[in-house]
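Student: Hi! Could we go through this protein together, one question at a time?
Tutor: Sure, have a look at it here and ask away.

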Amino acid sequence: MSLLEVTIGSIMAATITVMAAGVTMDLTRNVADNIARTRVAGEARLAIETFRRDFAGNDPDSPTGDRNRWRLVGRMIPSADELRLCFDAGIDGSADWVSPDRVIIYSATDGQLIRSDLENGRTNVVANLVDAVNFEVTGNELRITLDFRLGGVTETYVFNTPDI
């Protein structure tokens, strides 16, 4: 073999190696992006399902039970990033916002959507990766906008429900 053949062979091998590395980097980047999007979608689903359950209109802890007790009777938006829901204890049918009514508070803190029940003192993390949350009344609807972020992936989800 001559020096020219060895040089050409080395250049071809280096070219193939660089091309393979580029393809591998693209595949890895796409896989990482898909994983991030899947995690964000999973967290969004947890949040939306929790809102769906609470806005179904009865007991915030159980999907079954007496429809006259723990009915959703009021909502309050003290700030754009906090939502309060009042479930009536079945006594007067109005939102009193104090015991025996149950007050559920949604808020975003440190990248988490938090659900707090003031009656029993329980606080749960509903979803992670929450970049921002916005609660607003638009016409006859309550609009909940959730922004999720993981790395370079940012997704916005909107939950609309009839206003109470």
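Student: Over how many bridges do strand β7 and β8 pair?
Tutor: Keep in mind that this is a predicted model. Strand β7 covers residues 141–150, and its pairing with β8 runs in the antiparallel sense. As examples, Arg 143 stands opposite Asn 160 in β8, and Thr 145 faces Val 158 of that strand. The pairing extends over 10 bridges.

Student: Which residue takes a positive phi in the hairpin of β7 and β8?
Tutor: Look at the turn, where two residues sit between the strands. One residue in this hairpin has a phi near 60°. That's Gly 151.

Student: Which strands stand at the edges of the sheet?
Tutor: The sheet is open, has three strands and follows the order β6-β7-β8, with antiparallel pairing. An edge strand here has a single partner, so one side of it is left without a neighbour in the sheet. That fits β6 (130–138) and β8 (153–162).

Student: And what does the twist average from one strand to the next?
Tutor: Go along that β6-β7-β8 order, one strand at a time. From each strand to the next, the average twist is 15°.

Student: Now the helix: is Ile 8 buried, partly exposed or exposed?
Tutor: Ile 8 lies in helix α1, residues 3–54. Together with Leu 4 and Met 12, Ile 8 forms a nonpolar surface patch with about 320 Å² of accessible area. Buried would need under 20% relative accessible area and exposed over 50%. Ile 8 has 44%, so it counts as partly exposed.

Technical notes
Residues numbered from 1 in each chain as written. Predicted model: local features only at pLDDT ≥ 70, side-chain atom pairs only at ≥ 80, totals over all residues. Heavy atoms only, no water. Patch = residues over 30% accessible without salt bridge, like charges linked within 9 Å, V, L, I, M, F, W, Y side chains within 5 Å. Areas by Shrake-Rupley, 256 points an atom, 1.4 Å probe, with all protein chains shown as cover. Salt bridge = Lys/Arg side-chain N within 4 Å of Asp/Glu carboxyl O. Helix = DSSP H or I, 4+ residues; strand = E, 2+ residues; numbered from the N terminus. Buried < 20%, exposed > 50% of the residue type's maximum accessible area, 1.4 Å probe, protein only. Pairing = 2+ DSSP bridges. Axes fitted to C-alpha atoms, helices over the stretch in contact; angles between N-to-C directions.
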